[in-house]
Amino acid sequence: MEAGVIGARAEIATESGEKLIRRLCKHWAHKLEVHYTEREGRVRFEGGSCRMLAEPGALTVVIEAQDAQRCERLEEVVASHLERMAGGEPLDIAWIR
């Protein structure tokens with residue numbers, strides 16, 4: 001992480017990591033810079049970014065932002081979109097800074 005950048009990380013237990021990455025990246029691609037593969041997704045927001053990595057049984061999400069306020073806002077945005085895209089699967093999203 002670059003100096004002056006605020007970051008947060010969440011390890012989310014799910015077997016749907018690849019599906020969630022695909023859905024989120026397709027959703028955001030119409031208005032944001034998005035790059036994704038089967039197991040990894042990167043989304044650039046104004047003032048920050050989100051990286052997602054699907055692993056067996058887990059989805060790791062890392063947020064980097066220019067300041068604490070933007071980091072907190074991105075945590076909220078990413079979490080709400082993950083929950084919506086999960087299609088009823090309960091996700092326990094706990095951010096660690």
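Helices (DSSP runs of H or I, at least four residues) and strands (runs of E, at least two) are numbered from the N terminus. The views below come from a predicted model, in which local features need pLDDT of at least 70, side-chain atom pairs count only at pLDDT 80 or more, and totals for chains, interfaces and linings use all residues. Residues are numbered from 1 along each chain as its sequence is written, and side-chain values use heavy atoms, with hydrogens and water left out.

**View A. Helix α1 packs against helix α2.** Let us start with the two helices. Residues 17–28 form α1 and residues 68–85 form α2; their axes lie 10 Å apart and make an angle of about 115°. (Axes are lines fitted to C-alpha atoms over the stretch in contact, and angles run from 0 to 180 degrees between N-to-C directions.) From α1, the residues that take part are Leu20, Arg23, Leu24, His27 and Trp28, and they meet Val77, Val78, His81, Leu82 and Met85 of α2. Seven of the residues in this contact are nonpolar, two are polar and one is charged. (Ala, Val, Leu, Ile, Met, Phe, Trp, Tyr, Cys and Pro count as nonpolar, Asp, Glu, Lys and Arg as charged, and the others, Gly among them, as polar.)

**View B. Leucine 82 sits in helix α2.** Leucine 82 counts as buried because its relative accessible area is 0%. (Buried means under 20%, exposed over 50% and partly exposed in between, with a 1.4 Å probe and protein chains only.) Beyond its neighbours within four places in sequence, leucine 82 is in contact with Leu20 and Leu24, and also with Ile12, Leu59, Val61, Leu91 and Ile93. (Contact means heavy atoms within 4.5 Å.) Isoleucine 93 is eleven residues away from leucine 82 in sequence, with 9.1 Å between their C-alpha atoms.

**View C. Isoleucine 21 belongs to helix α1.** With a relative accessibility of 0%, isoleucine 21 is therefore buried. Not counting residues within four places in sequence, its contacts are Tyr36, Thr37, Arg39, Glu40, Gly41, Met52, Leu53, Ala54 and Leu59. Leu59 will be familiar from the view of leucine 82, since leucine 82 contacts this residue. For a sense of distance, look to glutamate 38: isoleucine 21 is 17 residues from glutamate 38 in sequence and 8.0 Å from this residue in space, C-alpha to C-alpha.

**View D. Valine 34 lies in strand β2.** Valine 34 is buried because its relative accessibility is 18%. Trp28, one of the α1 residues that meet α2, touches valine 34. The other residues that touch valine 34, with those up to four places away in sequence left out, are Cys25, Ala29, Arg42 and Val43. Along the chain, valine 34 and aspartate 67 are 33 residues apart, and their C-alpha atoms are separated by 21 Å.

**View E. Serine 16 occupies the loop between β1 (6–13) and α1.** Is serine 16 buried or exposed? Its relative accessibility is 15%, so serine 16 counts as buried. Threonine 37, one of the residues in contact with isoleucine 21, makes a handy reference point here. Serine 16 and threonine 37 are 21 residues apart in sequence, and 15 Å separates them from C-alpha to C-alpha.
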